[in-house]
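Here is a short report for someone meeting this structure for the first time. Look over the sequence and the model, then read on.

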Amino acid sequence: MTKTVTMVAWNRPEYFGPVIESLSKNEWYDYKLFIQLEPSDPDTQKKMLEICNSIDFVSTDIRVNNTQLGVNYNNYNIIERMINEIDSEFNIHLEEDVKLSPDAIKMAEWFYNYEKRDDYIFCVFRQGDNDLEHPLKMMEVKEFHPWGWCFNTQKWTDHIKPRWKDHQGKFRNGVMRREGSWDFSVNWLIKDTPEFKALMPAVSRAEPIGQWGIFSNPTTFAQNHAFKYINNKDHEGDFHV
């Protein structure tokens with residue numbers, strides 16, 4: 001049994017550093033962290049590697065791609081590597097501009113052990129409509145957010161991987177769709193497949209901090225203020241549906 005955490009990162013050390021700090025506050029159980037960096041200019045890449053080399057709270061594997069794979073293929077490549085090379089059974093997937101709450105990996109571990117886990121295609125870490133009165137509640141949803149998610153790798157092989165490139169050109173509701181990136185594909189997968197459902201926390205365990213990115217800028221960016229609530233609270237009990 002192998003459980004992994006994968007993270008992709010590029011040229012944004014100003015986000016990467018705070019994200020790694022947030023990860024250091026989590027309990028890591030028996031996970032191992034794999035980071036796959038896109039190549040960048042020498043000074044920026046040095047900063048990114050310095051952050052990687054500062055990680056002392058979990059076993060890590062750091063790799064720099066020979067060429068830039070891009071947002072779609074870097075994510076795809078590292079997940080495939082976990083399955084084909086590491087034989088991962090369960091994976092948490094992250095990006096370098098999303099901070100996690102101190103109990104985020106605990107939530108993923110709960111999902112891993114949940115007796116009905118295989119009823120769900122994945123579990124996502126972020127929730128936009130936060131229910132502060134029920135911080136440990138998990139909700140059934142038919143939507144996907146890319147800001148931290150975890151899954152049984154068999155679900156990846158059987159369902160997610162075959163649909164990863166749908167955003168590049170797929171008829172959806174009678175219209176050829178070419179837009180966005182891989183997360184559009186995964187969102188379409190769960191919305192268009194009646195039997196698929198996911199779990200999502202009633203209060204977000206992830207906070208995107210990347211004001212500048214492929215599809216974000218300071219105008220469209222909005223922080224999740226409820227994250228600050230969960231980040232500063234201890235909650236007794238366990239997660240539950």
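Leaving aside its neighbours within four places in sequence, which residues is Pro 102 in contact with? The partners are Lys 25, Asn 26, Glu 27 and Asn 231. Keep in mind that this is a predicted model.

**The loop at Pro 102**

Pro 102 sits in the loop between strand E5 (98-100) and helix H4 (104-113). Is Pro 102 buried or exposed? Neither label fits: its relative accessible area is 31%, so Pro 102 counts as partly exposed. Buried would need a value under 20%, and exposed one over 50%. Pro 102 can also be placed relative to Ala 206. The two are 104 residues apart in sequence. In space, their C-alpha atoms are 9.9 Å apart.

**The whole protein**

The protein has 241 residues, and 52% of them count as buried. It holds seven helices and 12 strands. The accessible surface is about 11400 Å². Carbon and sulfur atoms supply 45% of that surface. Now take the contacts with a separation of 6 or more. Residues 24 or more positions apart make 77% of them.

**Strand E4 and its partners**

Strand E4 covers residues 90-95, and six of its six residues are buried. What lies on each face of E4? One side carries Phe 90, Ile 92 and Leu 94. The other carries Asn 91, His 93 and Glu 95. Both faces are covered.

E4 pairs with two strands, listed here.

| Partner of E4 | Sense | Bridges | Residue paired with Asn 91 |
|---|---|---|---|
| E1 (residues 3-9) | parallel | six | Thr 4 |
| E8 (residues 149-152) | antiparallel | four | Phe 151 |

Asn 91 appears in both rows. In E1's pairing, Asn 91 is the bridge partner of Thr 4. In E8, Phe 151 stands opposite Asn 91.

**Helices H3 and H5**

Helix H3 spans residues 70-84, and helix H5 spans residues 153-160. Their axes come within 10 Å. How do the two helices lie to each other? The axes cross at roughly 125°. Angles over 115 but not over 145 degrees fall in the oblique class, so H3 and H5 are oblique to each other. The crossing of H3 past H5 is left-handed. On the H3 side, the contact is made by Tyr 76, Ile 79, Glu 80 and Ile 83. H5 contributes Thr 153, Trp 156 and Thr 157.

Notes: Residues numbered from 1 in each chain as written. Predicted model: local features only at pLDDT ≥ 70, side-chain atom pairs only at ≥ 80, totals over all residues. Heavy atoms only, no water. Buried < 20%, exposed > 50% of the residue type's maximum accessible area, 1.4 Å probe, protein only. Pairing = 2+ DSSP bridges. Contact = heavy atoms within 4.5 Å. Areas by Shrake-Rupley, 256 points an atom, 1.4 Å probe, with all protein chains shown as cover. Axes fitted to C-alpha atoms, helices over the stretch in contact; angles between N-to-C directions. Parallel < 35°, antiparallel > 145°, perpendicular 65-115°, else oblique. Left-handed = near helix turned anticlockwise from the far one by under 90°.
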